[in-house]
Amino acid sequence: MNIFVTGAAGFIGSHLVENLIARGDNIIALDNMNNYYDPAIKRKNIASARRSSRLSFIEGDILDVNLLEKIFSSTPIYVIVHLAARAGVRPSIKEPLLYQKVNCIGTLNLLELARKHHIKRFVLASSSSVYGNVKEVPFKETANIDRPVSPYASTKRTCELYCNIYHKLYGISTTALRFFTVYGPRQRPDMAIHKFTSLIDQGIPIPFYGDGSSRRDYTYYTDIIKGLTAAIDRDLGFEIINLGESQTTSLKQLVGIIEENLNKKAILQKLPFQPGDVEITYADVSKAQRLLDYNPSTDIKWGIKKFVEWHLSMKSS
């Protein structure tokens, strides 16, 4: 089937595209190759997939309505997988208008095209950041999340609400997947695991926020890809579903695991807890297990080992 994927050259997008091509789908892929991080990294991410005749790659923007209309008018599309977004909690505090424009207006553009072209399935990449500082853990999809702590989180919640509206008004089957700190080969260089691994390896101090007790639910990319693929294949009406590992690791523990795999000690640059950050993320994945047959299976120690192996292989390639 024909699948339209936005953010296709990013970390998650490029892995998803490869997976869908391998199972026989035809992919129309869009990425604007913006400079949030080095576009050369994204070109390398997507290079293998671009050799396949099943991939049509377009360098373009979800804010370019004319380009999107041209794509949707020329190719019958079965499902939209919307991964593109302006990423990052802390940068969103500095540029809230940019995040509103890209994330919210970009999503609306795609929903409007789904309506106009009678595309009946839409999969949205949402985020665990929408939970803010919810006290009850693990986080359930039914939690009260009316107090986000960053503009980024607010935009992701807004996109979920737009999806619900388009489902109710136009019958578009929409699944919003709340990702919990995804890591693995190709992870964005600004994210903690990638940044810490690179800096520790170079003997450069790492930014260490707070006392190291903050905890995250780190999810290996292969588990996310399985959940995403299941969501693509299933008509669920409208659903919001957590995709996490359903385990938590403290910042202090994470640094220790990376040190062990690099066989190097971290130099800590101790900093205060940052505005927009949360104390814990922790996914209740029972809904994903029920609706998507989701079964996360990657232990953080094994996942970090594989990530460090990838990091070292990139240094030598």
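Which strands does helix α3 (residues 65-74) lie across? I began my notes with this point, keeping in mind that the model is predicted. I found that α3 lies across β1 (2-6), β2, β3 and β4 (79-82), and that the helix runs at about 175° to β2.

**Entry: the whole chain.** I then stepped back to the overall picture and counted eleven helices and 13 strands in the protein. For 317 residues, a compact globule would have a radius of gyration near 20 Å, and the protein has 19 Å, which agrees. I noted that the C-alpha trace spans about 55 × 45 × 40 Å along its principal axes. I looked up burial as well, and buried residues make up 55% of the 317 residues. Taking the contacts with a separation of 6 or more, I found that 83% of them come from residues 24 or more positions apart.

**Entry: the seven-stranded sheet.** Next I traced an open sheet of seven strands, whose order is β3-β2-β1-β4-β5-β6-β11 and whose pairing is parallel. I marked β3 and β11 (238-243) as the edge strands, since each of them pairs on one side only. Ignoring direction, I have neighbouring strands of this sheet turned by 15° against each other on average. At the β11 edge I looked at the pairing with strand β6 (residues 173-179), which is parallel and runs over six bridges. There, Thr 174 stands opposite Phe 238 in β11.

**Entry: helix α2.** Which residues of helix α2 (residues 39-47) are buried? I listed Lys 42, Asn 45 and Ile 46. Seen down the axis of α2, these buried residues fall within an arc of 85°, so they line one face of the helix. I then asked what covers them, and the cover includes α1 (11-22), β2 (26-31) and β3 (55-59). I also examined the N-terminal end of α2, where Asp 38 acts as a cap, with a side-chain oxygen placed 2.9 Å from the backbone nitrogen of Ala 40.

**Entry: helix α5 and its two buried residues.** I turned to helix α5 (residues 96-116), where Val 102 has its place, and where I also located Asn 109. Val 102 is buried, with a relative accessible area of 15%, and Asn 109, at 15% relative accessibility, counts as buried too; the cut-off I applied is under 20% relative accessible area. Leaving aside neighbours within four places in sequence, I found Val 102 in contact with Ile 62, Leu 63, Ala 85, Arg 86 and Thr 107. Leu 63 is 39 residues away from Val 102 along the chain, yet I read a separation of 6.9 Å between their C-alpha atoms. For Asn 109, not counting residues up to four places away in sequence, I noted that the residues touched are Ile 62, Leu 63, Val 65 and Leu 68. Ile 62 and Leu 63 therefore appear in my lists for Val 102 and for Asn 109.

**Entry: strand β8.** Is strand β8 (residues 206-209) covered on one face or on both faces? I found both faces covered, with Ile 206 and Phe 208 buried on one side and Pro 207 and Tyr 209 buried on the other. I followed β8 to its pairing with strand β13 (residues 268-271), which is in the parallel sense and extends over four bridges. Within β13, I identified Leu 268 as the bridge partner of Ile 206.

Definitions and conventions:
Residues numbered from 1 in each chain as written. Predicted model: local features only at pLDDT ≥ 70, side-chain atom pairs only at ≥ 80, totals over all residues. Heavy atoms only, no water. Buried < 20%, exposed > 50% of the residue type's maximum accessible area, 1.4 Å probe, protein only. Arc of directions from axis to C-beta. Contact = heavy atoms within 4.5 Å. Polar contact = N/O pair within 3.5 Å; in protein donor to acceptor, adjacent residues only side chain to side chain. Pairing = 2+ DSSP bridges. Axes fitted to C-alpha atoms, helices over the stretch in contact; angles between N-to-C directions. Rg over C-alpha atoms; globule rule 2.2 N^0.38 Å.
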